[in-house]
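Please work through the exercises below with the sequence and the three-dimensional model at hand. Each task is followed by a solution in steps.

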Amino acid sequence: MSQLSERPEKPVVGLSMPHESANLHVTGAALYTDDLVHRTKDVLHAYPVQVMKAHGRITALRTEPALAVPGVVRVLTGADVPGVNDAGMKHDEPLFPDTVMFHGHAVAWVLGETVEAARLGAAAVEVELDEQPSVITLREAIETESFHGARPMMVTGDVDAGFEDSAHVFTGEFQFSDQEHFYLETHAALALLDENGQMFVQSSTQHPSETQEIVAHVLGLHSHEVTVQCLRMGGGFGGKEMQPHGFAAVAALGAKLTGRPVRVRLNRTQDLTMSGKRHGFHATWKIGFDAEGRIQALDATLTADGGWSLDLSEPVVARALCHIDNTYWIPNARIAGRIAKTNKVSNTAFRGFGGPQGMLVIEDIMGRCAPLLGLDPMELRERNFYRQGQSTPYGQPVPHPERISAIWQQVREDAALAERGREIAAFNAAHPHTKRALAMTGIKFGISFNLTAFNQAGALVLVYKDGSVLINHGGTEMGQGLHTKMLQVAATTLGIPLHKVRLAPTRTDKVPNTSATAASAGADLNGAAVKNACEQIRERLLQVAGTQLGTNASDVRIVEGVARALGVDKELAWDDLVRTAYFQRVQLSAAGFYRTEGLHWDAKAFHGSPFKYFSYGAAATEVEVDGFTGAYRIRRVDIVHDVGDSLSPMIDIGQVEGGFVQGAGWLTLEDMRWDSGDGPNRGRLLTQAASTYKLPSFSEMPEEFNVRLMENATEEGAVYGSKAVGEPPLMLAFSVREALRQAAAEFGPAGISVELASPATPEAVYWAIEGARRGGALRDGRASEGSGVLAGAHAGTDTDADASALSNV
């Protein structure tokens, strides 16, 4: 076992600990970015001037009426920017645009003594617009060929030969929805200038170093003149990886120009209308199976709705392509990716980062094709699992593929699938208007950033002469428990009790050049960096302890705050050891660093090993559906998930549960609607509040929810043998959607393929039931934009078939 993954005697990692801020959260004492406003003197409040048109060139911007409003101090426009007027890393996101690119685009910001004064000032600003044609839907973008960014192509094997060798070939189309992050804390930033002209920005950001970089280039400063701090976030889910930079830059610009602290905090409607979402996707596909139902070839095109600028759309599409295989070996594949340019908010990172979109395509294919192949969907999936020695379509060998099957079997046993399958069959036979179904899906999710350079982290660990320890690392806390794990890692590495360690807020002047807390890599990267820093200090202390105990340093162990050596009666308490080291002038601080080894990626050839390892999991979900309304409930969920040797089991189980529920929300409830008509509100987000955008709540929780972590699953080469947990569990929710599909099919004859829109709202489920009753896939378009066309054909042909004639030929 490697030094990185090996655990010492009596480790603090592996123990179930409450979240380090749990008490602060539930008592309301936890401070978030906007709470700091009340502790800051003479704060100005910024309010956006939004233009409620989808697309148009600004011909006039008159700010004088705003300055006449009592309490308004200044209006910020593009003319005020001393540096670069851009808030993105692709230089395609002007902070103060001269062209409105989406409904609600902010073109100026008003600074006021109060929020109300700033709001009235913003309303007084006059904007004249030369309206331009707009592209709102994905279909419009595809039809008009409105694309931007890279168009990756992933090819493996001989696709044409694979289809020739296939006994069954099916084609289809599938469009599925975007998703709002709906974090509890909206975007917020507070900026102030110190006496030396240094800019200090408090920001609710997952990527403080990039926020620092954007603020610096907008202000025309160097990075060492800007410090960004993130105390904690009230949720992020990827929505605060790129999107906070512009809001922080507005606050910083205002502070620089006025000399007063400036606060930006979006209200919920502003956050919904101005910030990016999960990318909605459109997919066209053709798949071939052999006579036993094993995949022979897949040809697909995935189109992501990127919105008006690129943001992170290119790596999102790349990850979607890298995950279209999910747990299945596809020997011959040709997968194309592209990014639609639409007049909507710029879509961005969201938990899974394209992985869920790619995996949803193959899971939808398996669910639609299984009945036509005469196979149980679980059997079709199992037949196609990766085996030892097989590689992904982009050329990375799949390590530990036996875990896919082992987890699958464990869920079968835990969920008593055979027995419950018989019970469900009996229930369905006795209830013509209510049906139940039980579906099971698995996941294989790659862990590491697509961009190899991001797979690095730093940490700063300080030991004070009283024995207390302060750690700083580059990761940010958004409720996921990263800080809790880092405290456990530090305590374990130093061999001391957890109460000896405290964690400082994330700051760019303590740990520079950090990567975003994203890609599920927060604990892997920052944990290894913290461990590295602690090991440096521990090695120095072992030398001191060896001298004090009269033995070799290599024979000394520090366990539970006491240094002992084999065969030596004496022992040395941690506090005494640290004090002795101080008087011997031994350095008691260290900067740690970690870089993920073994990664290589050729983005042009779309080939290599971009991931350190894969996380595996499986979920079985039982649903009950009402045939009159399409309403449903989730009766039971059973999950087994691979997190390696967990750093903090209670935190990890919470992440699995939360990820699953968020995934179920995306797939079944969260139906984003945009005005795509030709009226005056074209491009407007119609679901602008929790009253119109349905989020998962207690009533959508599974009535029985069983989660267990895979046992004996040490991940060699990862910090203390653990694995990432943030993103992978979201995809376990595919089992909910597949169960709903199978329940809808129960209302029709056996062996039919049922199309199901995504999100599978009760309305969508109702139309799927109607399609099943008519004996095939729905084709009248009433289900929603998410339904598609499925055809059965001879090998090597593309033949549309009528819904009633869907079959394997």
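The exercises concern nonpolar cores, aromatic rings and sheets.

The model is a predicted one, in which local features need pLDDT of at least 70, side-chain atom pairs count only at pLDDT 80 or more, and totals for chains, interfaces and linings use all residues. Residues are numbered from 1 along each chain as its sequence is written, and side-chain values use heavy atoms, with hydrogens and water left out.

**Exercise 1. Identify the residues with the most contacts inside the largest nonpolar core, and the strand that gives the core its largest share.**

Step 1. A nonpolar core is a set of buried Ala, Val, Leu, Ile, Met, Phe, Trp, Tyr and Cys residues joined through side-chain atoms within 4.5 Å. Buried means under 20% relative accessible area, exposed over 50%, and partly exposed in between, with a 1.4 Å probe and protein chains only.

Step 2. The largest core has 112 residues, and Ile287 and Phe660 have the most contacts inside it. Its largest share, eight residues, comes from strand E27 (residues 613-626). Strands (E, at least two residues) and helices (H or I, at least four) are DSSP runs numbered from the N terminus.

Step 3. A second, separate core comprises 54 residues, among them Ala521, Ala565, Leu588 and Tyr594.

Step 4. Contact means heavy atoms within 4.5 Å. Neighbours within four places in sequence aside, the contacts of Ile287 include Phe163, Val169, Leu298 and Cys369.

**Exercise 2. Describe the geometry of the aromatic pair Trp109 and Phe247, and then that of Phe176 and Trp666.**

Step 1. Rings of Phe, Tyr and Trp (its six-membered ring) pair if their centres lie within 6.5 Å; planes under 30 degrees apart count as stacked, over 60 as edge-to-face and the rest as tilted. The whole structure holds 17 aromatic pairs.

Step 2. Trp109 and Phe247 lie 6.2 Å apart centre to centre, with 70° between the planes, an edge-to-face pair. Trp109 belongs to strand E5 (residues 105-112) and Phe247 to helix H7 (residues 244-258), 138 residues apart. Both Trp109 and Phe247 are buried.

Step 3. The ring centres of Phe176 and Trp666 are 6.2 Å apart and the planes stand at 75°, so this pair is edge-to-face. It joins strand E8 (residues 168-176) to helix H17 (residues 649-668), across 490 residues. Phe176 is buried at 3% relative accessibility, and Trp666 is buried at 0%.

**Exercise 3. Determine the strand order of the open four-stranded sheet, and state which helix touches E16, E27, E28 and E29.**

Step 1. Two strands pair if DSSP finds at least two bridges between them. The order is E16-E27-E28-E29, with mixed pairing.

Step 2. E16 (434-447) and E29 (704-709) are the edge strands; each has a single partner strand, so one side of each lacks a neighbour in the sheet. The twist averages 15° from one strand to the next.

Step 3. E27 and E28 (residues 632-641) are antiparallel and joined by nine bridges; Ala618 has Val640 as its bridge partner in E28.

Step 4. Helix H12 (residues 402-414) touches E16, E27, E28 and E29, and its direction makes about 30° with that of E27. Axes are lines fitted to C-alpha atoms, for helices over the stretch in contact, and angles run from 0 to 180 degrees between N-to-C directions. Helix H18 (residues 734-745) lies across E16, E27 and E28, at about 150° to E16.
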